[in-house]
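Me: I've got this protein up on my screen and would like a close look at one part of it. Could you walk me through it, starting from the whole and then zooming in?

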Amino acid sequence: MDYVLWLKTIQKISSYALENCFVPISEIIAVEETEFNKKQRNIGRWQKMAKLHAFTVHYVKKARNHRWRCSAATFWCVDEHLCNQWTQALKELLEMQKSRPKQLLVYINPFGGKRQGKRIYEQKVAPLFSLASISTDVVVTEHANHAKDNLFEVNIYKYDGVVCVGGDGMFSEVMHGLIGRMQKDSGIDQNNPKASLVQCNIRIGIIPAGSTDCICYSTVGISDPVTSALHIIVGDCQPLDVSSVHHNDTFLKYSVSLLGYGFYGDILKDSEKKRWMGPMRYDYSGFKTFLSHHYYEGTIAYQPAKHTHGSPRDKVSCRTGCYICKQSEKQLAEQNKEHGLKKEEGEEEWKVIKGKFLAINAVNMSCACPRSPKGLSPAAHLADGSADLILVRKCSRFDFLRYLVRHTNQDDQFDFPFVDVYRVKCFQFTSKLSEDNESNVMDVGKKRFGQFCRDHPACCCNIVNSTWNCDGETLDSSAIEVRVHCQLMKLFARGIEEDCKDEAGHSQSSIEQLL
Ligand SMILES: Nc1ncnc2c1ncn2[C@@H]1O[C@H](COP(=O)(O)OP(=O)(O)OP(=O)(O)O)[C@@H](O)[C@H]1O
Ligand SMILES: CCCCCCCCCCCCC/C=C/[C@@H](O)[C@H](CO)NC(=O)CCCCC
Ligand SMILES: [Ca+2]
């Protein structure tokens, strides 16, 4: 139940005249007894008559573009008992907010993005956690995989959530640690691609301090450390689909945002050598990869996601309280109740596509980020148990550029004859090169080719494989098997809210009325 704080009987100090103040209890951060400071305001005759008692309510103030800020209002009165009653009542109401975390485990990557993770946490986030009486155990990572390994050692069950301060790579580490630990503790073998994985109920909070921050942006609507901290404090919960990636019955990685082969794999591979450039490395490698215009031959087999009603060509996007994600949640609960196992996809049909591709992108969410505010698949859902598989076939450089530009504007990215998109629950990919090698391993002549196609040296047809970009990390294998696990994990987020304020601070509905 959402209680509303309506402080009419008690006076409020604000920069405006005395006014009524409406704040849902769910958006109050903290309530504090306050030393009344006479200098704060000239309150005329009240000051001369009696000692004043006060308390301060810290609450979430929603600003434009999904940004949240911490605001405060101090209330005062002459009646000490009344003031104490209000403070006590509000504190009791806050105690009743059971989804709020009390104890968090925090991992900070000091080297992510612009290397500001530690400063961002100490200056912007820690003071808010302390205001909200959240206790924290903080680990500043010393090397890659520190957070992941640590999650297999600590008593994770004493925490209400794990917070990662960094980018998508840091999030990925924490996610692998948590999901891996859950499977280990439940005796599930992650190497089995058909295993029914155990859901992870320990929520992850992301304080964005990376280079892309796609997962934060796609689940909150903005990459802003204070906004994310406030979503953690109020105890938001957003379920998230996770794809498992295997090669020949060996577990490789989990993915929640982009699994990209070709263009995005090549960008990543090139950019890894230029980490010292910070977030700029993606612009540099992006430009270079665009110019190289390599395409790759291979075969994709997929099973369509028939359980969900949405389509990647829908005009409506996944938003807070999304109906399609709720339906998937219900289906999942029914399946778990009936079978204790998720439905096997074995008997369903596989569709097979062979071709030459500039990019193969499989996204579990829109992949919106500051570089691409709508994302690679604007209608993808955070928690519907499906991924959008986008195939960009061989086309001219100019056409590919037209496609890329649509990542950044309002036009339909899929409205090109060389782009296909499918909503899938699982898929497999094999490159032509590995098919050829497997079918004729003794044909050493094939391995003598240089990097490019012998018949057409200038055609950009690459006979070496590309690399899979899995949420910003490279995979060692090009042949992969991918399966979406519906709502395998949860974030401290609520999805993107519908009625956001625009640049001028008007709500969308009020603009509609004006129009
Ligand atoms: N102390 C550390 N030293 C070196 N590497 C680390 C350390 N802590 C974490 N890492 C690794 O750094 C990688 C990148 O970090 P992170 O995702 O935070 O930043 P980014 O790559 O700049 O941002 P994005 O992933 O959003 O593009 C992660 O994969 C993580 O494993
Ligand atoms: C002429 C204008 C063309 C402009 C095209 C801009 C397109 C930007 C699209 C960005 C899509 C990001 C998808 C998310 C991927 C993340 O999982 C991953 C880890 O952080 N980031 C990258 O791989 C980094 C990928 C960075 C790509 C630039
Ligand atoms: Ca999805």
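How many helices and strands does the secondary structure of the protein come to? After that, please take me through strand β9 and whatever else is worth a look.

Reply: Sure. Keep in mind that this is a predicted model. The secondary structure comes to 14 helices and 20 strands. The protein has 515 residues, and 54% of them count as buried. Among contacts with a separation of 6 or more, 77% are between residues 24 or more positions apart.

Now to β9, which covers residues 161–166. Six of its six residues are buried, so the strand is largely enclosed by the rest of the structure. If you follow the side chains, Gly161, Val163 and Val165 point one way, while Val162, Cys164 and Gly166 point the other way. Both sets are buried.

What lies alongside? Strand β7 (residues 103–108) pairs with β9 in the parallel sense, over five bridges. β9 is also joined to strand β10 (residues 203–208), again running parallel, by six bridges. Val163 is a handy spot to see both pairings: its bridge partner in β7 is Val106, and its bridge partner in β10 is Gly205. To get from β9 to β10, the chain passes through helix α5 (residues 168–186), and this β-α-β crossover is right-handed.

Stay with Gly166 for a moment, which lies in β9. Its relative accessible area is 0%, so it counts as buried, the cut-off being under 20%. Leaving out residues up to four places away in sequence, Gly166 touches Ile207, Pro208, Ala209, Gly210 and Asp213. Two of these, Ile207 and Pro208, fall within β10 (residues 203–208). For a sense of distance, Gly166 and Ala30 are 136 residues apart in sequence and 26 Å apart in space, C-alpha to C-alpha.

Next, the calcium ion (ligand 3). Its protein donors are Asp241 (OD), Asn364 (O), His381 (O), Asp384 (OD) and Ser386 (O), at 2.3 to 2.7 Å from the ion. Along the chain, these donors follow the spacing D-x122-N-x16-H-x2-D-x1-S. The Asp241 and Asp384 pair links distant parts of the chain, 143 residues apart: Asp241 is in strand β11 (residues 238–247), and Asp384 is in the loop between β15 (351–363) and β16 (387–393). Asp241 has 1% relative accessibility and counts as buried. Asp384 is buried too, with a relative accessible area of 0%.

Helix α9 (residues 280–292) makes a good contrast in style. At 1.5 Å a residue, its 13 residues should span 18 Å, and its end C-alpha atoms are 19 Å apart, which agrees. Buried in α9 are Arg281, Tyr282, Ser285, Gly286, Thr289 and Phe290. Seen down the helix axis, those buried residues fall within an arc of 150 degrees, so they line one face. The reason such a pattern can arise is that an α-helix has 3.6 residues a turn, so residues three or four places apart point the same way. Met280 and Phe287 are exposed, on the face turned away from the buried side of α9. The cover over the buried residues of α9 includes α8 (263–272) and α11 (397–405). Right after α9 comes His293, with a positive phi near 50 degrees.

Definitions and conventions
Residues are numbered from 1 along each chain as its sequence is written. Chains are lettered from A and ligands numbered from 1 in the order in which they are written. This is a predicted model: local features need pLDDT of at least 70, side-chain atom pairs count only at pLDDT 80 or more; totals for chains, interfaces and linings use all residues. Side-chain values use heavy atoms; hydrogens and water are left out. Donors are N, O and S atoms within 2.8 Å of the metal (3.2 Å for Na, K and Ca); water is not among the atoms, so sites may look incomplete. Helices (H or I, at least four residues) and strands (E, at least two) are DSSP runs, numbered from the N terminus. Buried means under 20% relative accessible area, exposed over 50%, partly exposed in between (1.4 Å probe, protein chains only). Two strands pair if DSSP finds at least two bridges between them. A crossover is right-handed if, with the strands pointing away from the viewer, the path from the first strand over the helix to the second runs clockwise. The expected span of a helix is 1.5 Å times one less than its number of residues. The arc is that of the directions from the helix axis to the C-beta atoms. Contact means heavy atoms within 4.5 Å.
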